[in-house]
Structure formats: C-alpha cells, structure tokens
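Please open the structure in your viewer and keep the selection panel at hand. The tour below goes from one selection to the next and says what is found at each stop.

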Amino acid sequence: MVNRVHVKNSNSRKDKEKKKKFMNHLTVEELIKAGAHFGHPTHRWNPNYKNYISMKKNGVYIIDMEQTSRCMIQASEELTKIVRNGGNVLFVGTKKQAKDAVQQAADRCSMYYIVERWLGGTLTNYGTIKKSIKRLLILEKESSDIYTNLTKKELSMLERERMKLADLHRGIKDMKHLPAALFFVDGIHERIAISEAKILGIPTIGIVDSNTDPRNIDFPIPANDDSMKTIGLIVNYIADTIIEATGGTAQVDEPMDSDIISADKEETEIVGESVLEESTELETTSDTEKEPKEKLELISEDEKVSEDVLEESQEK
C-alpha cells in the first residue's frame with residue numbers, strides 16, 4: 001500500500017511540473033463550466049472508451065476531466081515539438097458546431113484548416129488536390145487569359161467554379177506540402193481524415209466523445225464534442241500552445257490600453273455632444289421667450305395707433 005501511495009504522489013508532482021510549462025493550461029473547473037464532462041447516452045457508447053469514464057448519471061456517461069487534463073498536456077507537448085521543428089498543423093472541423101471555432105483558431109495561429117467538406121484523398125492524393133488549388137489561383141486572377149473572348153454564360157460558369165473551389169480550398173490554398181499533424185473535432189465525423197492520416201503516418205490529435213474508439217487516435221482528448229463552448233475552449237487552447245511554440249504570446253481577455261483610451265475618447269465626444277445640444281436648446285428657448293415679448297410690444301403699439309385714429313374721427 002505504501003508503494004502505491006508513493007507512486008500516486010510522484011505522478012501528481014509530474015503533472016504539476018508539466019502544467020507549469022504551459023502558460024495557458026485549462027483547469028478542471030473551466031472544463032466542467034464549459035460542459036466538457038457530458039458524454040453520450042449509455043446506449044450509444046464505445047466499450048473501448050471505458051478508461052475515460054468516471055460515472056453514469058441520468059442515463060448519460062460522465063467523462064473524467066482529470067484524464068482530459070492529462071491528455072491535453074500530452075497533446076500540447078507533441079504539438080510544441082512538431083511546431084518547433086518547423087511542422088504545420090491542419091485543423092479539421094466540418095461539423096456545424098465546430099466550423100466557426102476551428103476557422104478562427106486556425107487563423108489566429110496561422111495554420112491551415114478545412115471546415116466545409118473533407119474531400120476524399122485530400123492527404124493520400126494530395127497531387128490532385130494541388131492541381132485543383134492551381135486551377136483556383138488561375139480563376140482568382142482577373143487578368144487571366146481564360147476570361148478573354150468568352151460569352152456571358154461561359155463567364156458565369158467559370159464564376160460558379162471559382163466560388164465552389166474557393167469554399168473547398170480556402171483553408172489549404174497556401175499549403176505547399178502535407179501537414180506534420182492533424183487536429184480534428186469528432187472522431188466519427190472526421191473518420192476519413194483520420195484514416196488518411198494513419199496511412200501516411202501523420203500523428204492525429206482530436207476531441208473524442210464517449211461514442212468513439214480512442215484507440216485509432218494517437219493523442220485523444222476525451223470531451224464533449226457536441227458543445228460549442230467545449231469545442232471553442234479546447235480549440236483555442238491548442239491554438240495558444242501553437243502560438244507559444246512559435247514564440248508568440250497566448251490570447252488574453254484583459255482589455256488593452258488602446259481600447260481604454262478609445263473608450264475615454266468616445267465618452268468625451270458623447271459629453272461634448274450633450275453639452276452642445278444643451279446649449280442649442282437654451283438658445284432656442286431664449287429665442288422663443290423673446291418672440292412673445294416682441295409680439296406684445298407690437299400689439300400695444302397697434303392699440304395706441306387705433307385709439308389715436310378714433311379720437312381724430314370723433315373730433316371731426
């Protein structure tokens with residue numbers, strides 16, 4: 001018993017040391033607040049996922065967030081090695097809940113992404129995909145020879161082709177070679193991408209729910225893959241680790257000095273406008289007060305004139 005306790009303490013110390021290495025480490029509380037601990041119903045689970053389940057509640061499996069935290073540290077260590085060696089990461093999130101979060105995170109860390117549809121052979125048949133990207137680059141040039149001496153119908157067909165290719169390849173348009181790692185959301189939804197990466201020996205990292213087999217993934221992150229908050233939290237964590245690995249600084253939610261200055265300027269402008277409005281209102285009220293006085297004076301003068309005219313007529 002003593003030896004087992006000693007081993008547990010040593011493991012916890014190692015975990016604490018690993019957590020100190022990463023500035024943007026997520027706590028268990030943050031993951032629970034985002035709803036990362038909710039799995040699928042008990043009848044929709046994969047038996048190979050049992051090591052990541054802590055309990056069953058109201059017919060739903062609850063994922064162990066301590067395991068999730070450890071898996072995230074392992075994934076971030078692998079990503080830092082890959083990025084520091086000059087490798088690129090391909091973000092894949094074609095399901096509705098993950099599209100926006102994946103695209104924003106990939107743009108923030110200057111990596112490639114696919115959010116529309118995974119084309120079969122994107123990795124295993126990358127030569128054909130490269131030809132399609134070249135075609136897109138030609139279509140995007142307005143001064144290209146393709147557009148000369150064409151009818152309206154032919155031009156509209158080329159425009160449709162350009163829009164279709166732009167949607168499919170917008171995230172990998174500048175990718176010159178195969179990625180060094182693949183990050184995905186939902187192992188079942190992106191099973192074709194995972195299988196292609198395994199054939200080519202590309203390490204796979206991704207968010208895996210209780211209905212997925214984690215043995216097919218090199219670095220699984222057990223969490224709820226249907227929650228937008230959870231997806232955004234973990235994807236931004238991965239983006240921050242990549243930014244730190246490249247020598248940048250992770251995203252901080254505190255307001256910048258420039259934002260504070262601009263807010264002060266806006267307040268002063270609003271105050272100035274309100275003062276001007278008050279002054280104009282005072283001027284208008286003073287003008288309106290003067291008008292009735294002038295009218296009364298004119299009326300009194302008219303009455304005097306009428307009285308003088310009456311007196312003269314009586315004298316006559």
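The stops run from the whole chain to the sheets, the cores and a few single residues.

**Whole chain**

Keep in mind that this is a predicted model. Start with everything shown as a cartoon: the protein has nine helices and eight strands. Colour by burial next; of the 316 residues, 38% are buried. Then switch on the surface, where about 20200 Å² is exposed and carbon and sulfur atoms supply 51% of that area. Of the contacts with a separation of 6 or more, 62% are between residues 24 or more positions apart.

**The three-stranded sheet**

Select strands E1, E2 and E3. They form an open sheet in the order E1-E3-E2, with antiparallel pairing. Strand E1 (38-41) and strand E2 (53-57) are the edge strands, each pairing on one side only. Ignoring direction, neighbouring strands here are turned by 30 degrees against each other on average. Now narrow the selection to E1 and strand E3 (residues 60-63), which pair in the antiparallel sense over two bridges. Show proline 41 as sticks to find valine 60 of E3 opposite.

**The five-stranded sheet**

Select E4 through E8. Strands of a sheet pair through backbone hydrogen bonds, either parallel or antiparallel. Which sense applies in the sheet E5-E4-E6-E7-E8? The pairing is parallel, and this sheet of five strands is open. Strand E5 (112-114) and strand E8 (219-222) stand at the edges with a single partner strand each, so one side of each has no neighbour in the sheet. The twist from one strand to the next averages 15 degrees.

Zoom in on E7 and E8, a parallel pair held over four bridges. Within this pair, glycine 206 stands opposite proline 220 in E8. Add helix H7 to the view: H7 packs on the sheet, touches E6 and E7, and makes about 165 degrees with the direction of E6. Add helix H3 (residues 65-84) as well; H3 lies across strand E4 (89-92), E6, E7 and E8, and runs at about 145 degrees to E8.

**Threonine 204**

Stay on E7 and pick threonine 204, which belongs to this strand (residues 204-208). Is threonine 204 buried or exposed? Its relative accessible area is 0%, and the cut-off for buried is under 20%, so threonine 204 is buried. To see what surrounds threonine 204, select its contacts beyond four places in sequence: Leu182, Phe184, Ile194, Ala197, Asn216, Ile217, Asp218 and Phe219.

**Isoleucine 114 at E5**

Move to strand E5 and select isoleucine 114. At 5% relative accessibility, isoleucine 114 is buried. Draw a C-alpha to C-alpha distance to phenylalanine 91: the two residues are 6.4 Å apart in space and 23 residues apart in sequence. Sequence neighbours within four places aside, isoleucine 114 is in contact with Leu90, Phe91, Val92, Gly93, Thr94, Thr122 and Ile172.

**The nonpolar cores**

Which residues touch the most other members of the largest nonpolar core? They are Val89, Leu90, Phe91 and Phe183, in a core of 63 residues. Helix H8 (residues 228-245) gives the largest share of this core, nine residues. Pick leucine 90 and display its contacts beyond four places in sequence; among them are Tyr112, Tyr113, Ile114, Trp118, Leu182 and Phe183. Another core, of five residues, lies apart from the largest one and includes Leu136, Leu139, Leu158 and Leu165.

**Two residues with positive phi**

Finish with two loop residues. Select asparagine 149 in the loop between helix H5 (126-140) and helix H6 (152-169). Its phi is near 55 degrees, a positive value in a residue other than glycine. Asparagine 149 is exposed, at 81% relative accessibility.

Then select aspartate 186, in the loop between strand E6 (181-185) and helix H7 (191-200). Aspartate 186 also has a positive phi, about 75 degrees, although it is not a glycine. With a relative accessible area of 9%, aspartate 186 is buried.

Methods
Residues are numbered from 1 along each chain as its sequence is written. This is a predicted model: local features need pLDDT of at least 70, side-chain atom pairs count only at pLDDT 80 or more; totals for chains, interfaces and linings use all residues. Side-chain values use heavy atoms; hydrogens and water are left out. Buried means under 20% relative accessible area, exposed over 50%, partly exposed in between (1.4 Å probe, protein chains only). Contact means heavy atoms within 4.5 Å. Accessible areas come from the Shrake-Rupley method with a 1.4 Å probe; for residues, only the protein chains shown count as cover. A nonpolar core is a set of buried Ala, Val, Leu, Ile, Met, Phe, Trp, Tyr and Cys residues joined through side-chain atoms within 4.5 Å. Two strands pair if DSSP finds at least two bridges between them. Axes are lines fitted to C-alpha atoms, for helices over the stretch in contact, and angles run from 0 to 180 degrees between N-to-C directions.
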